[in-house]
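Good morning, everyone. Please bring up the sequence and the model side by side, and follow along as I go.

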Amino acid sequence: MPTELRLHEIAESEQRILNPITPDKLNLVGEACRPVAGQRMLDLACGKGEMLCQFARQHGIVGLGVDISSVFLDAARARASEFGVADRVDFAQGDAGEVPVDSVGFDLVSCIGATWIGGGLTGTLELMKPALSGPDGLLLVGEPYWIDEPPEQAYTVLGIERDEYTSLAGTNHRFANADCELIEMVLADGDSWDRYAAAQWRTLSDWIRAHPDDPDVGALRAFLSESRRGHLEYVRRYLGWGIFVLRAG
């Protein structure tokens, strides 16, 4: 049985942004943060490092990305070289939930779509705060939220606990309870979700056709079927997603 990490490494192998956000909206996130050249950024669970590389190229920031996947980090380093920012960004393999104690003094600290590293949104915010340089630093967190209350079966199909996510307003309450102020946000839409999810269906279908004798092909086929069902029946209608810019209190 393949690990969940390998499933995602295969499914997202043709994608640069490993979340349901388009390149245009990623640019909006950069504008919302108002970064200044020379500022330092720490990106936890950075995936292929697209945000960090884009911010370095467009805004002149320097930074560090941490991720558990060597496959994704190889892609991140290649992207940094392609953009000519390899001297400004670095990538380290490791558990993003175990931030080194010397990882402090960052102007921007982000965790986009991976709040499982801290056991949920609140725990991840508490994990991120100590790395900030001071009161002017910003947190960026990517998190799903419920647009409408989903049917009970959605939790089972999507593998989500009932209290794992809340509404958009409820998400803001969770920020406030974590002593964080929401100051900006960029939200995904149906098209953003489609480009993230549906692009993986083609990638997975192609992989299955090219590797019919792989011992994991059955699991990949099931993963594809479940992904398609979950997106079409529940995700697109009920589940929102956004990147939120926060000030820590």
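Where is the place of Arg209? Arg209 sits in helix H8. A quick word on names: helices are DSSP runs of H or I with at least four residues, strands are runs of E with at least two, and both are numbered from the N terminus. Before going on, note that this is a predicted model, where local features need pLDDT of at least 70, side-chain atom pairs count only at pLDDT 80 or more, and totals for chains, interfaces and linings use all residues. Residues are numbered from 1 along each chain as its sequence is written, and side-chain values use heavy atoms, with hydrogens and water left out.

Back to Arg209. Arg209 is exposed, at a relative accessible area of 68%. Here are the cut-offs: buried is under 20% relative accessible area, exposed is over 50%, and partly exposed is in between, with a 1.4 Å probe and protein chains only. Now look for Arg247. Its C-alpha atom is 47 Å from that of Arg209, although 38 residues separate the two along the chain.

Stay with H8, which covers residues 190–210. Which helix crosses H8 at roughly 100°? It is H1, residues 4–11, and the two axes come within 8 Å. That makes H1 roughly perpendicular to H8. The axes are lines fitted to C-alpha atoms, for helices over the stretch in contact, and angles run from 0 to 180 degrees between N-to-C directions. Under 35 degrees is roughly parallel, over 145 roughly antiparallel, 65 to 115 roughly perpendicular, and the rest oblique.

Who meets whom? From H1 come Arg6, Ile10 and Ala11, and from H8 come Gln200, Thr203, Leu204 and Trp207. Contact here means heavy atoms within 4.5 Å. By class, this contact has 4 nonpolar, 2 polar and 1 charged residues. Nonpolar means Ala, Val, Leu, Ile, Met, Phe, Trp, Tyr, Cys and Pro; charged means Asp, Glu, Lys and Arg; the others, Gly among them, are polar.

Next, helix H3. How many of its 10 residues are buried? The count is 7, so H3, residues 50–59, is mostly covered. The buried ones are Glu50, Met51, Leu52, Cys53, Gln54, Phe55 and Ala56. After H3 comes Gly60, with a positive phi near 80°.

Just ahead of H3, find Ala45, in the loop between S1 and H3. Phi of Ala45 is positive too, near 55°, and this is a residue other than glycine. Is Ala45 buried or exposed? At 14% relative accessibility, Ala45 is buried.

Now Ser110, in strand S4, residues 108–112. Ser110 is buried, with a relative accessible area of 0%. Leaving out residues up to four places away in sequence, Ser110 touches Met41, Leu42, Asp43, Leu44, Met51, Met128 and Leu140. Met51 is one of the buried residues of H3. Thr124, in helix H5 (residues 121–128), also has a relative accessible area of 0% and is buried. Beyond its neighbours within four places, Thr124 is in contact with Cys111, Thr115, Ile117, Gly118 and Gly119.

On to the second largest pocket. What is its volume? About 250 Å³. A pocket is an open set of points on a 1 Å grid over the protein atoms alone, where a 1.4 Å probe fits, with protein on both sides within 12 Å along at least five of seven lines; lining residues have an atom within 4 Å of a point. The volume is the space filled by probe spheres set on the points, which are joined across faces, edges and corners. There are 13 lining residues, and the closest to the centre are Cys33, Arg34, Leu138, Ile183 and Arg247. Helix H2 (23–33) and strand S6 (180–187) each supply at least two residues of the lining. By class, the lining has 5 nonpolar, 3 polar and 5 charged residues.

Take Arg34 from that list. Arg34 lies in the loop between H2 and strand S1 (40–44). Its phi is positive, near 55°, and at 71% relative accessibility Arg34 is exposed.

Last, Pro135, in the loop between H5 and strand S5 (138–146). At 70% relative accessibility, Pro135 is exposed. The C-alpha atoms of Pro135 and Arg247 are 7.6 Å apart, with the two positions 112 residues apart along the chain. Thank you.
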